[in-house]
Amino acid sequence: MLRHHMDACFWRCQSRMDQPHNGSAIAAQPTAPMLVVISHASATAKVNGHETTAQGVGKAQAWGGQKADIIYEAPLSQYGETRLLYLFHDALVNGEKVEAGPIRSARDIHAQLTACWNAGLIYANGFSGNLTAAPSLALVSDKAFTDNMPEVRACMTTVKRRVPDHRSIDVAAVHALLQDQRFQVSGFAFSAAEPDEDLPSATDFKLKWGDKKAFFSRFVYEEAGEAYQWYSNKVPMKNWHDSSRREESLLKFSNIIIQYTPISYPCSRIVPETDLSGTGRAQIALGGKLVEATWKKENGEIWYMDLQGEKISLRPGKTYIAILPDDQGKITFR
């Protein structure tokens with residue numbers, strides 16, 4: 001995961017979109033990040049006066065993503081639906097309140113990514129797929145809370161909204177319960193250097209997740225803020241700040257990573273099996289430019305490298321990573 005050790009190696013570094021920090025808290029308090037499986041259901045929202053169907057918008061809008069260091073998006077089914085995975089670290093180390101939801105059930109990709117980060121995993125309504133990759137810190141927000149870790153039950157609340165997307169989790173409170181299970185982890189390597197002007201442009205592009213339904217993730221680079229605005233189809237992606245759903249803000253990213261990954265459906269069209277072993281193609285958009293890259297899993301970690309084999313440093317700020325099917329997934333540049 002770009003875990004290239006540098007003199008200063010943070011999770012978001014001094015983000016232009018978030019409260020900056022100097023990384024000293026990370027060095028003083030090495031800790032495992034927390035990952036939370038987040039619903040990305042379809043709903044409708046108005047764009048220029050017209051109703052548009054998209055994922056994660058309107059009544060299906062999530063909360064807590066503003067404080068996530070990384071947001072993963074991965075297929076939920078063969079039909080093109082996706083589910084999100086929020087990774088929290090900096091806000092937890094800084095002692096901030098972190099609430100996220102609505103939490104949903106996990107797939108094998110969520111367990112594999114959690115293992116890569118030596119992290120804790122929070123999900124709801126069970127697990128579909130191969131659970132062998134899940135780390136020992138994995139938590140479930142239903143029966144397992146009562147049976148195995150009853151004190152975590154107090155960290156979950158039920159939001160008045162349609163079933164099953166109604167559970168919210170106090171991520172910081174769960175993280176505090178795991179303080180005796182810290183790990184030394186290194187974040188991404190960052191560089192404030194401008195990307196090479198000779199690189200291809202990547203200022204407006206969209207990802208199609210499958211052949212069955214027209215769900216797209218689109219990213220438009222805003223030069224003034226040096227960030228990519230995320231769209232679900234035509235709808236700008238927002239998150240509520242918490243489950244009260246009183247305040248919201250747009251989700252923007254400094255880095256967009258497209259990781260082309262073998263994904264199959266041997267048992268069911270709604271239970272993907274993801275192969276994160278070996279290596280594969282990747283593309284990284286940052287600073288309005290596109291870097292052709294490869295990803296490689298080695299010693300349990302995933303690294304991103306340029307075509308010369310050098311590890312790639314990211315721009316300071318939030319990162320989005322698409323686990324895009326290498327056969328059905330498609331990227332289109334405008």
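Where is the place of T52? The answer is strand 3, which covers residues 50-55. The views below are all taken from a predicted model.

**Figure 1. T52 and its contacts in strand 3.**
T52 sits in strand 3. Is this residue buried or exposed? T52 has a relative accessible area of 15%, and buried means under 20%, so T52 counts as buried. Leaving aside residues up to four places away in sequence, T52 touches A43, T44, A45, V47 and V235.

**Figure 2. An open sheet of three strands.**
The strands follow the order 6-10-9, and their pairing is antiparallel. Strand 6 (99-100) and strand 9 (156-158) stand at the edges. Each of these two has a single partner strand, so one side of each is left without a neighbour in the sheet. How many bridges join strand 6 to strand 10? There are two, and strand 10 spans residues 167-170. Across this antiparallel pair, A100 stands opposite I169 in strand 10.

**Figure 3. The cis peptide bond from G101 to P102.**
Most residues other than glycine have a negative phi, and most peptide bonds are trans. The peptide bond from G101 to P102 is cis, and its omega is near -5 degrees. P102 belongs to the loop between strand 6 and helix 3, the latter made of residues 108-116.

**Figure 4. Positive phi at E226 and R245.**
Which value does phi take at E226? Phi is near 50 degrees there, a positive value in a residue other than glycine. E226 is placed in the loop between strand 12 and strand 13. The relative accessible area of E226 is 26%, and E226 is partly exposed. R245 is not a glycine either, and its phi is positive at about 55 degrees. This residue is in the loop between strand 15 and strand 16. With 31% relative accessibility, R245 counts as partly exposed.

**Figure 5. E247 in the loop between strand 15 and strand 16.**
The loop that holds E247 runs between strand 15 (238-240) and strand 16 (248-250). Is E247 buried or exposed? Its relative accessibility is 52%, and exposed means over 50%, so E247 counts as exposed. Not counting residues up to four places away in sequence, E247 touches N239, W240 and H241. E247 and W63 are 184 residues apart in sequence, while their C-alpha atoms are 9.7 Å apart in space.

**Figure 6. The second largest pocket.**
Rolling a probe the size of a water molecule over the atoms shows where empty space is left. The second largest pocket holds about 240 Å³ of space. Its lining is made of 13 residues. Which of them lie nearest the centre of the pocket? They are P195, L286, V291, I312 and S313. Sorted by class, the lining of this pocket has seven nonpolar, two polar and four charged residues.

**Figure 7. The second largest cavity.**
A search of the whole structure finds two cavities of 30 Å³ or more. The second largest cavity has a volume of about 30 Å³. Its lining consists of H40, Q55, E73, F215, F216, S217, W230, S232 and M237. Which strands each supply at least two residues of this lining? They are strand 12 (216-222) and strand 13 (227-232). By class, the lining of the cavity has four nonpolar, four polar and one charged residues.

**Figure 8. Aromatic rings around F219.**
The count of aromatic pairs comes to 11. In one of them, the rings of F205 and F219 have their centres 5.8 Å apart and their planes at 35 degrees, so the pair is tilted. This pair links distant parts of the chain, with F205 in strand 11 (residues 204-208), F219 in strand 12, and their positions 14 residues apart. F205 and F219 are both buried. The rings of F219 and Y320 also form a tilted pair, because their planes are at 55 degrees; their centres are 4.6 Å apart. Here F219 in strand 12 and Y320 in strand 24 (residues 319-325) are 101 residues apart, and the pair again links distant parts of the chain. Y320 is buried, as is F219. Which residues do ring pairs link into a cluster? The cluster holds F205, F219, Y221, Y228, W230, F253, Y320 and F333.

Methods. Residues numbered from 1 in each chain as written. Predicted model: local features only at pLDDT ≥ 70, side-chain atom pairs only at ≥ 80, totals over all residues. Heavy atoms only, no water. Helix = DSSP H or I, 4+ residues; strand = E, 2+ residues; numbered from the N terminus. Buried < 20%, exposed > 50% of the residue type's maximum accessible area, 1.4 Å probe, protein only. Contact = heavy atoms within 4.5 Å. Pairing = 2+ DSSP bridges. 1 Å grid on protein atoms, 1.4 Å probe; cavity = no way out; pocket = protein on both sides within 12 Å on 5 of 7 lines; lining within 4 Å. Points joined across faces, edges and corners; volume = space filled by probe spheres on them. Nonpolar A, V, L, I, M, F, W, Y, C, P; charged D, E, K, R; others polar. Phe/Tyr/Trp six-rings, centres within 6.5 Å; stacked < 30°, edge-to-face > 60°.
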